[in-house]
Amino acid sequence: MGLAYALGTFNDHFFRSAFLLLAVTYDQNNLQDASALLFFLPFALFSAWTGWLADHLPKKSIIVCSKTLELAAMGLGLLSMHAMHWNGMMAAICIMGLQSALFSPALNGSIPEIVPVETVPKVNALFKLAAISALLLGIALAGLLEAMIPEEIHGHGRLPVGLAAMLASLASLAAAIAMRHTPRPQGAPRPFPLFGPVDSLRQTLNCRIEDRPLFLALAGESVFYAISAFAVLCIHGLATQQTDLSHTSAGLLSVSLLAGVCAGSLRAGKREAASWRRTLLPAGCGMAVGLLLASAAPLLPGTWPPFFFLLAVSACTGFCGGLYFIPLTSFIQISPASTDKGKILGISNFAAFSGIIIAGLLFNLGEGLSPAKLLAACALCLFCFLAWAAKTLRELPDASLADQAAGLIRLIPLAFISLRYRVSVIGLDKIPAGGALLFMPNHPALIDPVIVQTLLLGIKPRPLADASRMRGFLGRLAARVFHIVLIPDTEEGNTKNAVQGIREGLRIVIEILHNGESVIFYPAGRILRSSAERLGNNSGAARLLAACPETRVILARSSGLWGSSFSYARTGRSPDFARELLRGLLTLAGNCILLTPKREVLVEFVEATDLPRDGNKKELNRRLEDFYRGAERPPLTVPRFFWAD
């Protein structure tokens, strides 16, 4: 089965690559987009029919028939290439797409019928490794034959291409014949989907109502294919147009991306198919961040060649792609009933390759924009999908897995924090679990809430944030993902409306604590204006403790952040979080990510059992100030780049 799959992938890319090289040689560049469309179009048009066949006929018989059709297509390709008949070669490519559309539901539906369910991800990972290896071999072999084609325009220089494709087709057919027989589908026959793509669309919409987890997995797979197709085009243009890399270097970036996919696939193959809910969000965010970093390559300092930066980013993005893709594919294969596997896999092909076609059309429409801007827009679209996926996961019936999946998106900031900050923690392991907890940290910089929140992932406290800082799309998205409780900025407390808003925010916090949830509350209500914490007449903490006397209080203090770009000490005014975050991303890019100098940060947690809970704000604030001032440090500046002093 694996051999039939890999050889088919080899033929797809070998023959198409040879055709494209031949078209360039004969100045037929207009055929490139047309050939891609002809190959992908059968998946969108005929997936409903091929899925129906996979549910009603023995899958091995369908696989053998598809490989016979592949052999016929390569025979037509051999004759057409030798005779330089362009329409014949295009027809051969279209037939290859048709046989792949016929082959895919039958083969993917056979995997869970031949191997134990728990090994399906591993088999998919090995198949992906074999397919990518075959893909690279096909493209490389076509490139080796490129020099032979123009020298013997009227001779037999094109015969090796056709003969190699015929030989691969024969071997692929032999592998298909040697496959193990799969059981004939049982059950009442479904009506034939006469209207093809219309039925595929209708079945997709029905799946959204009947099986939401499966619909989300199908949507995630479709987005993966669309984003991948669009990103590969953008990265090639980025390399050759905006960073002055050669076509060879651009090709190596694609190889690095695929190598990362292989590594990620093998890693994901060790997990069960159900892990897709836990990996969808973090792996998807990893892909989106990788695309965003790649789009920043033209902004690197001129003394630093962007090739190695893009090479590393491509490999990491591909690794996240493998982690993302394999569990999704495995779940789609396992989830449907045996009588519906072909139908669902047909929907999968329809959605995936429709996404590829749409991605190609959008790339052509955005021709006037730079590849870096298109790549950044691609990353933003992926973030938007992941936000919708996080919301959908939380609404699924299986709340435990959904909560894990939604919570894992919070691990992404932790990965970035570790690139710029070296965080040490004291006392967190001594806090007993269970019950509502009120965390009260100091606030030396805008970044410390992110650090504290990531350290408390297992406890899942709800943070508070100034509503003025959470405006805009990204702010609203963060508020939804992290369940943030929004309150007005305390600096606006001189107005009647702001005071009422603050009181309403405190009321919500008290209600949350009474419901048994944990909360992060900042007694100062704003970031530090000096190295020493001053709470003044703030009464929020006193009101909370008076209203919730049984609530356990955990004090937290962060040191080492006073003087960072996110603190008041750097400029003497409140920093702009979005601007400093963008500046930080550029810093990571300029340091090739892994060479970024790190700031030492210490976070201490202490459970306070003797705080006054009678509403006496002066005594409480004095006790809190004494604790927080244990983190008082002079402002410390850490170099942005590793070559700086």
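The largest nonpolar core of this structure has 65 residues, and those with the most contacts inside it are Leu-280, Phe-309, Leu-310, Tyr-324 and Leu-375. The elements giving two or more residues to this core are helices H9 (212-242), H10 (247-268), H11 (276-295), H12 (306-334), H13 (341-365), H14 (371-395) and H22 (577-590). The model is predicted. The points below cover the cores, a surface patch, the salt bridges and the aromatic pairs.

**Nonpolar cores**

- Helix H9 gives the most to the largest core, with 15 residues.
- Apart from this core lies another one, of 33 residues, which includes Phe-19, Phe-40, Met-96 and Ile-357.
- Phe-309, named among the residues with the most contacts inside the largest core, touches Leu-293, Ala-297 and Leu-300, and also Ala-589, Cys-592 and Ile-593, when residues up to four places away in sequence are not counted.

**Nonpolar surface patch**

- Phe-192, Leu-194, Phe-195 and Val-198 make a nonpolar surface patch of about 450 Å².
- Val-198 is found in helix H8, which spans residues 197-210.
- The relative accessible area of Val-198 is 55%, so this residue is exposed, the cut-off for that class being over 50%.

**Salt bridges**

- The count comes to 13 salt bridges.
- One of them joins the side chains of Glu-113 and Lys-59, at 3.1 Å from N to O. Because Glu-113 lies in helix H4 (residues 86-114) and Lys-59 in helix H3 (residues 59-83), the pair ties together parts that are 54 residues apart in sequence.
- The partners in this bridge are described separately: Glu-113 is partly exposed, with a relative accessible area of 26%, whereas Lys-59 counts as buried at 1% relative accessibility.
- Asp-199 and Arg-202 also meet through their side chains in a salt bridge, with an N to O value of 3.1 Å. These residues are three apart in helix H8, so about one helical turn separates them.
- Asp-199 is buried, with a relative accessible area of 7%, while Arg-202 is partly exposed, with a relative accessible area of 42%.
- A further salt bridge is formed by the side chains of Arg-629 and Glu-625, at 3.9 Å from N to O. Arg-629 is partly exposed, its relative accessible area being 34%, whereas Glu-625 counts as buried at 15% relative accessibility.
- Salt bridges also link Asp-610, Glu-619, Arg-622, Arg-623 and Asp-626 in a network.

**Aromatic pairs**

- The count of aromatic pairs comes to 22.
- Phe-307 and Phe-308 have ring centres 5.3 Å apart and planes at 70 degrees, so the pair is edge-to-face, a class that requires planes over 60 degrees apart.
- At 15% relative accessibility Phe-307 counts as buried, whereas Phe-308, at 57%, counts as exposed.
- Ring pairs link Phe-39, Phe-40, Phe-43, Phe-224, Tyr-225, Tyr-324, Phe-325 and Phe-353 into a cluster.
- Two members of this ring cluster also appear in the description of the cores: Tyr-324 is among the residues with the most contacts inside the largest core, and Phe-40 is one of the residues of the core of 33 residues.

Conventions:
Residues are numbered from 1 along each chain as its sequence is written. This is a predicted model: local features need pLDDT of at least 70, side-chain atom pairs count only at pLDDT 80 or more; totals for chains, interfaces and linings use all residues. Side-chain values use heavy atoms; hydrogens and water are left out. A nonpolar core is a set of buried Ala, Val, Leu, Ile, Met, Phe, Trp, Tyr and Cys residues joined through side-chain atoms within 4.5 Å. Buried means under 20% relative accessible area, exposed over 50%, partly exposed in between (1.4 Å probe, protein chains only). Helices (H or I, at least four residues) and strands (E, at least two) are DSSP runs, numbered from the N terminus. Contact means heavy atoms within 4.5 Å. Patches are made of residues with over 30% relative accessible area and no salt bridge: like charges are joined within 9 Å, nonpolar side chains (Val, Leu, Ile, Met, Phe, Trp, Tyr) within 5 Å. Accessible areas come from the Shrake-Rupley method with a 1.4 Å probe; for residues, only the protein chains shown count as cover. A salt bridge is a side-chain nitrogen of Lys or Arg within 4 Å of a carboxyl oxygen of Asp or Glu. Rings of Phe, Tyr and Trp (its six-membered ring) pair if their centres lie within 6.5 Å; planes under 30 degrees apart count as stacked, over 60 as edge-to-face and the rest as tilted.
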